[in-house]
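I kept a notebook while clicking through this structure. Here are my entries, in the order I made them.

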Amino acid sequence: RGDVMLGVGTRGAVFGPVRDLGLIIVDEEESHSYKSEEFPGYNAVTVARIRARLQNCKVLLGSFAPSVRTRYFLEQGRLNQAAQVSPEDGTITVNHQIISMLGRKRGLAISKELHLALRDIFAQGERAVLFLNRRGTSSGLMCCDCGNIIMCPRCSVSLAYHARETLMVCHTCGLRQKPPLECPVCRGFTWRQIGYGIDRVASEFSKRFPRVPILKLDQDTEAPDHVIAQFASLTPSCLLCTQMVLGFEVPPVTGVGVVSCDNLLSFPDYSAPEQVFRLLMDLMHLLKSSGGNPHKQFIVQTLNPEHHAIKGIQNPEIFYTTEADNRAILGYPPFGALFKIEFSGEKQDRVKLLAEEFAAQVENCAAGIRVLGPGPAPKPRVRGRYRWILILKAAKRETLSQVVTQLWPGVSHPQVRMTVDTEEPFGIG
Ligand SMILES: [Zn+2]
Ligand SMILES: [Zn+2]
């Protein structure tokens, strides 16, 4: 009715019925939570831009590490820089260290360099955060005799091992089962843990620093607020956590150590480098904005020390220019348009056949569209449904829209579900 001058809301608010709209502010524009995965899918940042054009108002995007897309639009002059502000205290210094884990002894999660940095922090009676995005004790169990890895029967991903409850857990569908006594393939009975999860880092930490309390925060934590409160009440202390930490306000922290993020980097998705860069920048922001000792340590352990997403922590320009060059060469967004089409169903051959039929039709009718796949998704089976993915690339978005709208009604099967995703971030998982 025009009684209120300012409205605040989450992503759905972008559709709010507002008269005489003058300005839409999107804070942390790079956040993935602006994209709705539910039907009908949309990205609220795109909706804000379209709405602004229709209603002749302005959009203000806020970010301390903008998305590759926004950076590109800025350079193209399609967006204007409104202001550059530094929200952080200018007296804070961060010592960035990238530790190469290549050629190190296997089985140890904490390098000598990280150990020494932590030791100094704890000696001053201060706090540190250790980050690892893998829950459980290890990523899986492998039979020592035949190499068989225990998989989820419904999802074709390995089951993570949680030593505390002696359980195998599927982090995709939540299935829980006891570890097998003998190998179902060769009947061997010796198992080796592959990869390390947060629980294994916790036990290594306690051996290295027996007097420093370690608190754990991940999706298995029952009372996360309580864990953060405990972390705030103890010095020295260490918080071992997954991405979940980014949703909380932490007490003053002097150092952040990234135990590993290489599994994220190797994810088969063109935007994986951007996601890793974003994660590292978010952790850096958490460190800088936590207060306390202004001389901070940011340490990343990695098997990819030369990767631009990792080097970006020392100089973000390295990340943005390398990433833009790579995407321009391959025609990935924002340098070209990309649609992701997913086919899923309980019968693998049906799913595959329909995906192939659709791909063939696109190839037949359209010049200027590159067809990638179809192929099984990186998680090829989830909750008993097989998943195949087809990627379509073109210089212009309109080319893809036209072809897909034209072909869509002609290709279908009652037992196969087809979904098309047209908005970044795609998360080709
Ligand atoms: Zn075996
Ligand atoms: Zn599963």
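**Entry 1: the largest cavity**

I began with enclosed space, and the largest cavity came out at about 230 Å³. I was working on a predicted model, by the way. Rolling a probe the size of a water molecule over the atoms is how empty space shows up. My search turned up 3 cavities of 30 Å³ or more in the structure.

Next I asked who sits around the largest cavity. It has 18 lining residues, and the ones closest to its centre are Glu-30, His-32, Ser-67, Glu-424 and Pro-425. Helix H2 (68-76) and helix H7 (272-288) each put at least two residues into this lining. Sorted by class, I got 4 nonpolar, 7 polar and 7 charged residues.

Where does the largest cavity lie? I checked which domains give residues to the lining, and both domain 1 (11-63) and domain 2 (93-136 + 196-327) do, so the cavity lies between them.

**Entry 2: the domains**

That sent me to the domain assignment of the protein chain. I wrote down domain 1 as 11-63, domain 2 as 93-136 + 196-327, and domain 3 as 337-421. Domain 2 is written as two stretches of the chain, 93-136 and 196-327. I also looked up how far domain 2 is from domain 3: their centres, taken over C-alpha atoms, are 38 Å apart.

**Entry 3: the second largest pocket**

Pockets came next, and I picked the second largest one. I noted about 1,100 Å³ of space in it. It is lined by 32 residues, with Gly-7, Val-8, Val-18, Leu-21 and Leu-23 closest to the centre.

Which element gives the most to this lining? I found that S1 does, with 4 residues. Strand S1 covers 23-26, and helix H1 (44-55) also supplies at least two residues. The class tally for the second largest pocket reads 16 nonpolar, 8 polar and 8 charged.

**Entry 4: the zinc site**

Then I went to the metal. Which protein atoms are donors to the zinc ion (ligand 1)? I listed the SG atoms of Cys-143, Cys-146, Cys-183 and Cys-186, at 2.3 to 2.4 Å from the ion. The angles among the 4 donor atoms run from 103 to 113°, and the site is tetrahedral. I remembered that four donors count as tetrahedral if all angles lie between 85 and 135 degrees, so the label fits.

Along the chain, the donors of the zinc ion (ligand 1) have the spacing C-x2-C-x36-C-x2-C. I followed one pair, Cys-146 and Cys-186, which links distant parts of the chain, 40 residues apart. Cys-146 is in the loop between strand S7 (140-143) and strand S8 (160-162), while Cys-186 is in the loop between strand S10 (176-177) and strand S11 (191-194).

Are these two buried or exposed? Neither label fits, because partly exposed is the class between 20% and 50%. Cys-146 has 37% relative accessibility and counts as partly exposed. Cys-186, at 33%, counts as partly exposed too.

**Entry 5: positive phi values**

Right after Cys-186 I stopped at Arg-187, which lies in the loop between S10 and S11. Its phi is positive, about 65°, although Arg-187 is not a glycine. Arg-187 counts as exposed because its relative accessibility is 58%.

I noted Arg-383 as well, with a positive phi near 50°, again in a residue other than glycine. Arg-383 is in the loop between S17 and strand S18 (385-394). At 54% relative accessibility, Arg-383 counts as exposed.

**Entry 6: cis peptide bonds**

I looked for cis bonds and wrote down two places. From Pro-333 to Pro-334 the peptide bond is cis, with omega near 5°. Pro-334 sits in the loop between helix H9 (316-330) and strand S16 (337-345). A cis peptide bond also joins Gly-373 and Pro-374, with omega about 5°. Pro-374 is in strand S17 (residues 369-382).

**Entry 7: Val-212**

Last lookup of the day: is Val-212 buried or exposed? It is in the loop between helix H4 (198-208) and strand S12 (214-217). With a relative accessibility of 10%, Val-212 counts as buried. I checked one partner too: Pro-236 is 24 residues away along the chain, and the C-alpha atoms of Val-212 and Pro-236 are 6.3 Å apart.

Key:
Residues numbered from 1 in each chain as written. Chains lettered and ligands numbered in written order. Predicted model: local features only at pLDDT ≥ 70, side-chain atom pairs only at ≥ 80, totals over all residues. Heavy atoms only, no water. Donors = N, O, S within 2.8 Å, 3.2 Å for Na, K, Ca; no water. Tetrahedral: all angles 85-135°; square planar, octahedral: opposite > 155°, others 65-115°. Buried < 20%, exposed > 50% of the residue type's maximum accessible area, 1.4 Å probe, protein only. 1 Å grid on protein atoms, 1.4 Å probe; cavity = no way out; pocket = protein on both sides within 12 Å on 5 of 7 lines; lining within 4 Å. Points joined across faces, edges and corners; volume = space filled by probe spheres on them. Nonpolar A, V, L, I, M, F, W, Y, C, P; charged D, E, K, R; others polar. Domains from an automatic or database assignment.
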